[in-house]
Amino acid sequence: MDSLSLFCTAALLAGGLYWFICILGPAEQKGKRATDLSGGSISAEKVLDNYNNYWSFFRRPKEIETAEKVPDFVDTFYNLVTDIYEWGWGQSFHFSPSIPGKSHRDATRLHEEMAVDLIEVKPGQKILDVGCGVGGPMRAIAAHSRANVVGITINEYQVNRAKLHNKKSGLDSLCEVVCGNFLKMPFSDNSFDGAYSIEATCHAPKLEEVYAEIFRVLKPGSLYVSYEWVTTDKYNSENDEHVEVIQGIERGDALPGLRSYADITKTANKVGFEVVKEKDLAEPPAQPWWSRLKMGRVAYWRNHIVVTILAALGIAPKGTVDVHEMLFHTADHLTRGGESGIFSPMHMILCRKPNSSS
Ligand SMILES: C=C(CC[C@@H](C)[C@H]1CC[C@H]2C3=CC[C@H]4[C@H](C)[C@@H](O)CC[C@]4(C)[C@H]3CC[C@]12C)C(C)C
Ligand SMILES: C[S@@+](CC[C@H](N)C(=O)[O-])C[C@H]1O[C@@H](n2cnc3c(N)ncnc32)[C@H](O)[C@@H]1O
């Protein structure tokens, strides 16, 4: 081979690799590339150890007895997955029903806007985003309602990502992000005009504790809406396949144990809320929320190859491949949970803090 053909072959190979990693594997929404994957606040050399610790803790969620350790492990989980989520899903870490003729991005935004419409906030009022991730919902909600949104997340890396995105999108005057535990929030009593949580309170070992905290910080008369992860009335704990799917969802999503849909209202009432409305937003005529996960299967294989190459080259931390593989299996369990109807990530509950409450 003469030197010109050698040069052309090398250039083609390099171009192909660049295309495979950087063009084929960019974030759903611009901001994260495969080459940026990190372990969040965990240093690269400790990613694998942290993954192994996470795995030994959450492997059998139903057996988790030390509830006080859960927030720390959830924090570790989000250090491990936040970049992969942003890269492969976008800035909103939740599901939404598919809407024929609309993109995932629009369907996601509409699902988020519905939450703030339900809590009836006015421009300039202050609302709380409980478990805000990197702030995808917060920005959509602030832009839609012109309310001031304060988000709280246990994960410091997410706080920094959210702040960066808020600034880039020009919404930082409406959006504030705080690092803290939603089981013990650094906010005064009766200080918010409304609150919402999107697929976040499922991480609380006891739902009652997080609902009680939200109740405390809300002004009397104001509304709170939550999209909860639950097992539905189709779930049968005697059915081995059902149990396998639900346990797969729990361990791949850092859940200390999924709750039954029937527990949600009971808990809201117990802490003092009036339940205004409750509805599983996944139920027909809503279109499947899991179709986006299913459609992505080919992309996950490609991502797996990209992550494996990057980890081998030392660009992505060791352990990224294991985390990605865990998510790969989680996607399958979530899809099976959706298809069988035993699981919903969008059991909506709308509650009011009574006016008379002291
Ligand atoms: C509410 C929670 C998170 C919900 C979803 C945002 C995430 C649940 C599973 C995640 C993913 C699974 C497969 C990944 C894929 C293998 C990878 O190549 C690209 C990213 C995924 C699609 C990833 C994206 C986010 C999820 C869909 C929980 C934690 C309470
Ligand atoms: C699946 S993400 C959803 C994020 C966001 N609601 C969204 O839809 O993009 C769950 C979020 O809950 C947060 N979270 C979990 N446990 C928490 C805790 N104890 N205190 C504060 N935040 C917590 C995580 O850090 C993460 O930001």
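# Reading two ligand sites and some backbone features

Colleague: An oxygen atom of ligand 2 lies 2.9 Å from a polar backbone atom of Gly-133. What counts as a polar contact?

Modeller: A pair of N or O atoms within 3.5 Å; within protein, one must be able to donate a hydrogen and the other to accept it, and residues adjacent in sequence count only if both atoms are side-chain atoms. This is a predicted model, in which local features need pLDDT of at least 70, side-chain atom pairs count only at pLDDT 80 or more, and totals for chains, interfaces and linings use all residues, while side-chain values use heavy atoms and leave out hydrogens and water. Residues are numbered from 1 along each chain as its sequence is written, and chains are lettered from A and ligands numbered from 1 in the order in which they are written.

Colleague: Which other residues have polar atoms 2.9 Å from a nitrogen atom of ligand 2?

Modeller: Asn-181 offers an N or O atom of its side chain at 2.9 Å from a nitrogen atom of ligand 2. For Ile-198 the partner is a polar backbone atom, again 2.9 Å from a nitrogen atom of the ligand. Of the 590 Å² of accessible area that ligand 2 has on its own, the protein covers 98% (Shrake-Rupley method, 1.4 Å probe; for residues, only the protein chains shown count as cover).

Colleague: How many residues surround ligand 2, and which are the closest?

Modeller: The shell holds 19 residues, with Phe-93, Gly-131, Thr-153, Gln-158 and Phe-182 the closest; a residue is near a molecule or strand if one of its heavy atoms lies within 4 Å of it. By class there are nine nonpolar, nine polar and one charged residues. Ala, Val, Leu, Ile, Met, Phe, Trp, Tyr, Cys and Pro count as nonpolar, Asp, Glu, Lys and Arg as charged, and the others, Gly among them, as polar.

Colleague: What is the corresponding picture for ligand 1?

Modeller: Around ligand 1 there are 22 residues, and the closest are Tyr-78, Tyr-85, Trp-229, Asn-303 and His-324. The protein buries 100% of the 630 Å² that ligand 1 exposes when taken alone. Two of those residues bring polar side-chain atoms to an oxygen atom of the ligand: Asn-303 at 2.8 Å and His-324 at 2.6 Å. The shell is made up of 15 nonpolar, five polar and two charged residues.

Colleague: Which helices each supply at least two residues of the shell around ligand 1?

Modeller: They are α3, α11 (297–312) and α12 (320–340). Helices (H or I, at least four residues) and strands (E, at least two) are DSSP runs, numbered from the N terminus.

Colleague: Val-323 is in α12. Is Val-323 buried or exposed?

Modeller: Val-323 is buried, because its relative accessibility is 1%; the cut-offs are under 20% for buried, over 50% for exposed and partly exposed in between (1.4 Å probe, protein chains only). Leaving aside neighbours within four places in sequence, Val-323 is in contact (heavy atoms within 4.5 Å) with Tyr-51, Leu-80, Val-81 and Ile-84. Val-81 is 242 residues away along the chain, yet the two C-alpha atoms are separated by 7.1 Å.

Colleague: Where does Ser-92 lie, and which residues does Ser-92 touch?

Modeller: Ser-92 is in the loop between α3 (70–88) and α4 (104–118). Its relative accessible area is 9%, so Ser-92 is buried. Beyond four places in sequence, Ser-92 touches Thr-108, Glu-112, Gly-136 and Pro-137. With Glu-112 there is also a side-chain polar contact of 2.5 Å.

Colleague: Which residues have a positive phi although they are not glycine?

Modeller: Two examples are Glu-199, with phi about 50°, and Ala-254, with phi about 55°. Glu-199 lies in the loop between β4 (192–198) and α7 (207–217) and is buried at 7% relative accessibility. Ala-254 lies in the loop between α8 (240–252) and β6 (259–260), and is buried with a relative accessible area of 0%.

Colleague: Which residues does a cis peptide bond join?

Modeller: Pro-284 and Pro-285, with omega about 15°. Pro-285 is found in the loop between β7 (274–280) and α10. Helix α10 covers residues 291–295 and includes Ser-291, which counts as partly exposed at 22% relative accessibility.

Colleague: What does the UniProt annotation cover?

Modeller: The unreviewed UniProt entry annotates residues 77–354 as "domain: SAM-dependent methyltransferase Erg6/SMT-type". UniProt positions are given in the numbering used here, feature names are shortened, and annotations may be inferred rather than shown by experiment. Over residues 77–354 the chain is 46% helix and 20% strand, with the end C-alpha atoms 36 Å apart.
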